[in-house]
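This report introduces a structure to a reader who has not met it before. Its topics are cysteines and aromatic rings.

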Amino acid sequence: MMIALGGNSLSTKKKAGSISDQFFHARNTMNGLSKFIDLNYNICITHGNGPQVGNELLRMDLTSEKVPPLPLGVCVANTQGQIGYMVQQTLQNKLRELSIDREVVTLITQVIVNKN
């Protein structure tokens, strides 16, 4: 089963998107997936990362005189890893809570976008 999470599902527009807020939203998401976990579905979770990339770019803009900025592709990969870590950790904790012994893996991806 494929489940897609938008970047705003972890970092809502009404909050600053602190890491604790994002973990809170990730835990709520995993609670919502419990039904599918109970049904023994193999789950693949994909996610957007627009707000997180925006925050990363802002951080770089604010610190660019002291720390060299990173290219957009690296920022995208960094935030994929960050979100993957949050999803993986909260899903592993949910599985442990349910006494289910299953592996959770995070995968960083690249996509070629047709310019047309």
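How many disulfides does the count come to? In this predicted model, the count comes to zero disulfides. A disulfide requires a pair of cysteine sulfur atoms within 2.5 Å. The surroundings of two cysteines may be described as well: C44 is partly exposed, with a relative accessible area of 40%, whereas C75 is buried, at 0%.

The aromatic rings come next. A pair of aromatic rings is described by the distance of the centres and the angle of the planes. Searching the whole structure yields two aromatic pairs. One of them is formed by F23 and Y85, and its geometry is edge-to-face. This pair links distant parts of the chain, since F23 belongs to helix α1 (residues 19–32) and Y85 to helix α4 (residues 72–97), 62 residues apart. F23 counts as buried because its relative accessibility, 16%, falls under the limit of 20%. Y85, at 48% relative accessibility, counts as partly exposed.

F36 and Y41 also form an edge-to-face pair. Their planes stand at 85°, and this angle is over 60 degrees, so the pair is classed as edge-to-face. F36 is partly exposed at 24% relative accessibility, and Y41 is likewise partly exposed, with a relative accessible area of 35%.

The geometry of the aromatic pairs is set out below.

| Pair | Centre to centre | Angle between planes |
|---|---|---|
| F23 and Y85 | 6.3 Å | 85° |
| F36 and Y41 | 5.7 Å | 85° |

Methods
Residues are numbered from 1 along each chain as its sequence is written. This is a predicted model: local features need pLDDT of at least 70, side-chain atom pairs count only at pLDDT 80 or more; totals for chains, interfaces and linings use all residues. Side-chain values use heavy atoms; hydrogens and water are left out. Buried means under 20% relative accessible area, exposed over 50%, partly exposed in between (1.4 Å probe, protein chains only). Rings of Phe, Tyr and Trp (its six-membered ring) pair if their centres lie within 6.5 Å; planes under 30 degrees apart count as stacked, over 60 as edge-to-face and the rest as tilted. Helices (H or I, at least four residues) and strands (E, at least two) are DSSP runs, numbered from the N terminus.
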